[in-house]
Amino acid sequence: MKGQYRAAANRRKGLPVLGRSPHGAPPRMLTRFGDLFQDHPQPMWIYDVDTLRFLRVNAAACRHYGYTTDEFLHMTIRDIRPRDEHARLEADLAATAGEQKAPQSSGVWTHLKRDGTPIAVRISSHAVTYLGHRARLVFALDVTAQEATERALYRSEQLYRSLIDTMPHQVYWKDLDLQYVGCNRVFAEAAGLDDPQEVVGKSDENLIWRRQAQRMAAEDRIVVDTGHPLLDREDTLTGPDGKQRRYLVNKLPLYGPEGAIIGMLGTLEDITSRRKAEETLRLQGRALDASVNAIVITRQVNRQDVIVYANPAFARISGYELAEVVGQDCRFLQADDRDQEGLYLLRDALQTNREATVVLRNYRKDGTLFWNQLHIAPVLDAGGKVTHWVGVINDITDTMRYQQDLEHQSTHDALTGLPNRNLFRDRLDQAISYAARYRNQLWVVVLDLDNFKLINDTLGHAVGDSLLQTVGERLRAALRDSDTVARLGGDEFILLLLDQPGGGLSQRTVQTILEAVSAPMRLGAHDLALTCSMGVAVYPRDGETGSSLFKHADIALYRAKDGGRNQLQFYTEEMNDRVTERTLIEGHLRHALVRNEFLLYFQPRVDCVSGEVVGLEALLRWQHPELGLVSPVRFISVAEETGRIVEIGEWVLKTACLQAMAWQQAGLAPVPVAVNVSARQFRHAAFVQEVKDALEASGLEPRYLELELTESVMMHNVDVVIAAMSQLKEMGICLSIDDFGTGYSSLNYLRRFPIDYLKIDQSFVRDMLDDPPGAAIVRSIIALGHSLAFRIIAEGVETPEQLAYLKEEGCDEIQGYLCSRPVPEKEAAVLLGSER
Ligand SMILES: Nc1nc2c(ncn2[C@@H]2O[C@@H]3COP(=O)(O)O[C@H]4[C@@H](O)[C@H](n5cnc6c(=O)[nH]c(N)nc65)O[C@@H]4COP(=O)(O)O[C@H]3[C@H]2O)c(=O)[nH]1
């Protein structure tokens, strides 16, 4: 009873109830044990192996865990464990399920105090039977603090190890014998070792850089002996691949806890790539500096492209000192010249981060222009973002100047510097579209210098050239800035006159130009008075396109020249008709010879004194099936222009000779036949031979052939002409100058030519009786002609009064309607027959 009471009391006190003695009284030993259990400073408890319920806990357990004994006795050993340890607990319980009596350690566990604080507890236990329960007595040693220290120590060691290992540099440490005590992973790798531990106990002689070992040892020795560190020294060492690598070496003394040097710590930084990169940078920098192209690097700052670098070539090209431009926006290079196509392209490239090449007008510090072919390229960072722009400036001023020169040459006349035909056409086309929009007029004036060829041939090309230059300058000066004067080539100029508000176009405008050209000019030793002929076509009346205005002005010019030069002609529709007719004639003329459409008429020449027929002039006629009998006035000039006159002339020569011979053979009076020879025909190389052939073929004696040449024949290649004339003269052929007075040969000039007759042009004869100066000209031609021993023939004599006057003035022969019109061969034969 007493024992039962005591057990109950003990239970109430939380004392262990270890079972009863077989006699029912609590054994003394248990009581002692109970005290020991209860008072033990280490937490202890007994739990039921089947229910896991606490059966007894000691005071230290209550203190440590914060539960009362009662609370413990209502709990299981699961309740003092965090959830995540439950599985481990079950596994442990299963493993210790046997009735091992021996104490068992089951390691360190996490328990929870009543307030939830986790603690690390080392558990050891052994099986007991407690009050009939299968139970375990548990000793719980709180190792939380110890664990924390160990963990911290472990972590610190780990940290230190990983710190050293993650360092990009090689780290090693040696003892006083200069043997390696440790190193990091990088060092081990560089030394060709698999693990840092392998270095321990080794010296440099055992490692791959053994050749440099002695030198390294000497350095190390200084550090450990003197305590002086060796800092930032560059060295070349053998790398794991056997290649030489560049290192930055640091060596420091290592001190022990007592402050004595116990070894040394070394670091090696592999700077091979850095040095290579530096070398590359140095070379690139040098290349930038030495580049002939200016190079600029910019960076965007506040939406401005600010220069951060410019090379010396930039300073040379731009004239700016580098210090002046760094920090500046590149815009200053364009000054105020902002409206440039290149700038728009540049802006676009900058906005879209594209490379681009543009041409810009830039200005040097001194304000002079230079053409810049700029290539820009973005510089990207590792993330692909544009950080800078590189600009390569190429000074293409010379190229541009050359291009401009070429362009100028292709659009301007080299001699006068005036626009040429191409540029004129451009301007004309532009002016037409402007005039069309504003309903304005514009005038196209083709201008041709009269007798320029004569001046050029007689005074030389140098005089001719300066004459053209002077005319060019005068024309330019006579025109307004808005007008254009261009040189078409030779002595032909073309003007484009614009109708301007307050300055309308009038004949007076063109008259001013005419006067500007004809003002006397002195070229070297020569005083010249020049005249010109002009043809005008007016937009829109005479044409709405450049080419029609061109063509019509040209037609008008022809008319001006035809009309006796030194005049101005406005284009008319009728002129176009003439051109149309020329085209028609030209077409038909092609077939005239082969179709045998030519024939000759003859006009007698009569001696003024005797009244006898002293010669016949052969005059060409063209009998065309559609055009009828075509006058030579209509077709000779066309034949001359097309060159067809050569073969036609040859036909005339042959036919005239044959006819003259036929008349002679028919017993008619043998008189010379005069044949007209055009300048172009005469210049033909085979002309003299053709004459010989015609005489031979007909059998006509040369003295019965006369050749009528115009003054123009004598204006070119004078020596060649004289030589040909002399040959003809030697053959016995007579030569005459036709239409004398209309050309520009002076009588003095004529002296050089072997001529027999001068034929006074009919225009003088026609007017001489009504026009005293005309009569004076006729008189002087006769007088001067005679003084040079020429015979004088007057052409176009129609009236007895004219004949009387001419006779009185001593004219030798006449030709004209007064005697006879040109007549066909049969009628001519009659005239000759009547002479007999
Ligand atoms: N008003 C007027 N006219 C008169 C009178 N007497 C003669 N005529 C015309 O005056 C022209 C004289 O010939 P030309 O001065 O050599 O002028 C010639 C000559 O330069 C050229 N021509 C004619 N035949 C030939 C030829 O075979 N070869 C070359 N190259 N030219 C030719 O054509 C020109 C014109 O020839 P045609 O029409 O035959 O015109 C002829 C003749 O019909 C007159 O009293 N009054």
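At what angle do helix α23 (residues 687-698) and helix α24 (residues 718-731) pack, and how far apart are their axes? The angle is about 15° and the axes are 10 Å apart, with axes taken as lines fitted to C-alpha atoms, for helices over the stretch in contact, and angles running from 0 to 180 degrees between N-to-C directions.

A quick word on what you're looking at: this is a predicted model, where local features need pLDDT of at least 70, side-chain atom pairs count only at pLDDT 80 or more, and totals for chains, interfaces and linings use all residues. Residues are numbered from 1 along each chain as its sequence is written. Helices (H or I, at least four residues) and strands (E, at least two) are DSSP runs, numbered from the N terminus.

**The helix pair**

- α23 and α24 are roughly parallel to each other, because angles under 35 degrees get that label, while over 145 is roughly antiparallel, 65 to 115 roughly perpendicular and the rest oblique.
- α23 passes α24 in a right-handed crossing, meaning the near helix is turned clockwise from the far one by less than a right angle; anticlockwise would make the crossing left-handed.

**Around the ligand**

- The ligand has 24 residues around it, and Leu-619, Leu-620, Pro-632, Asn-676 and Gly-816 come nearest; "near" asks for a C-beta atom, placed from the backbone, within 6 Å of the molecule.
- Two or more shell residues come from each of β24 (613-624), α20 (632-642), α21 (645-665), β26 (673-677) and β28 (734-740).
- The top contributor is α20, with 3 residues.
- By type, the shell splits into 10 nonpolar, 9 polar and 5 charged residues. Here Ala, Val, Leu, Ile, Met, Phe, Trp, Tyr, Cys and Pro count as nonpolar, Asp, Glu, Lys and Arg as charged, and the others, Gly among them, as polar.

**β26 and its partners**

- In β26, 5 of the 5 residues are buried, so the strand is largely enclosed by the rest of the structure. The burial cut-off is 20 or more other C-beta atoms within 10 Å of a residue's own, with 12 or fewer for exposed and partly exposed in between; C-beta atoms are placed from the backbone.
- Both faces of β26 are covered, with Val-673, Val-675 and Val-677 buried on one side and Ala-674 and Asn-676 buried on the other.
- On pairing: strands of a sheet pair through backbone hydrogen bonds, either parallel or antiparallel. Two strands are called paired if DSSP finds at least two bridges between them.
- β24 runs parallel to β26 over 3 bridges, and Glu-617 has Ala-674 of β26 as its bridge partner.
- β26 also pairs with strand β27 (residues 705-710), again in the parallel sense, over 5 bridges; there Val-673 is matched with Leu-705 of β27.

**Two open antiparallel sheets**

- One sheet has 5 strands in the order β7-β6-β10-β9-β8, with antiparallel pairing. Its edge strands, β7 (180-183) and β8 (230-238), each pair on one side only, and the twist averages 25° from one strand to the next.
- Within that sheet, 7 bridges join β8 to the antiparallel strand β9 (residues 244-255), and Arg-233 stands opposite Val-249 in β9.
- The other sheet also has 5 strands and antiparallel pairing, in the order β12-β11-β15-β14-β13. β12 and β13 (356-363) stand at its edges with a single partner strand each, so one side of each has no neighbour in the sheet. Neighbouring strands here are turned by 35° against each other on average, direction ignored.
- Strand β14 (residues 369-380) pairs with strand β15 (residues 386-395) in the antiparallel sense over 9 bridges; one of the partnerships puts Val-379 with His-388 of β15.

**Lys-174**

- Lys-174 sits in strand β6 (residues 170-175) and is buried, with 26 other C-beta atoms within 10 Å.
- Its C-alpha atom is separated by 6.6 Å from that of Leu-265, although Lys-174 and Leu-265 are 91 residues apart along the chain.

**Backbone spots to check**

- Tyr-539 and Pro-540 are joined by a cis peptide bond, with omega about 0°. Pro-540 is in the loop between β21 (532-539) and α18 (546-562).
- Asn-302 has a positive phi, near 50°, in a residue other than glycine. Asn-302 belongs to the loop between β11 (294-301) and β12 (304-310) and is exposed, with 6 other C-beta atoms within 10 Å.
- Asn-596 has a positive phi too, near 60°. This residue lies in the loop between α19 (573-592) and β23 (598-607), and Asn-596 counts as exposed with 9 C-beta neighbours inside 10 Å.
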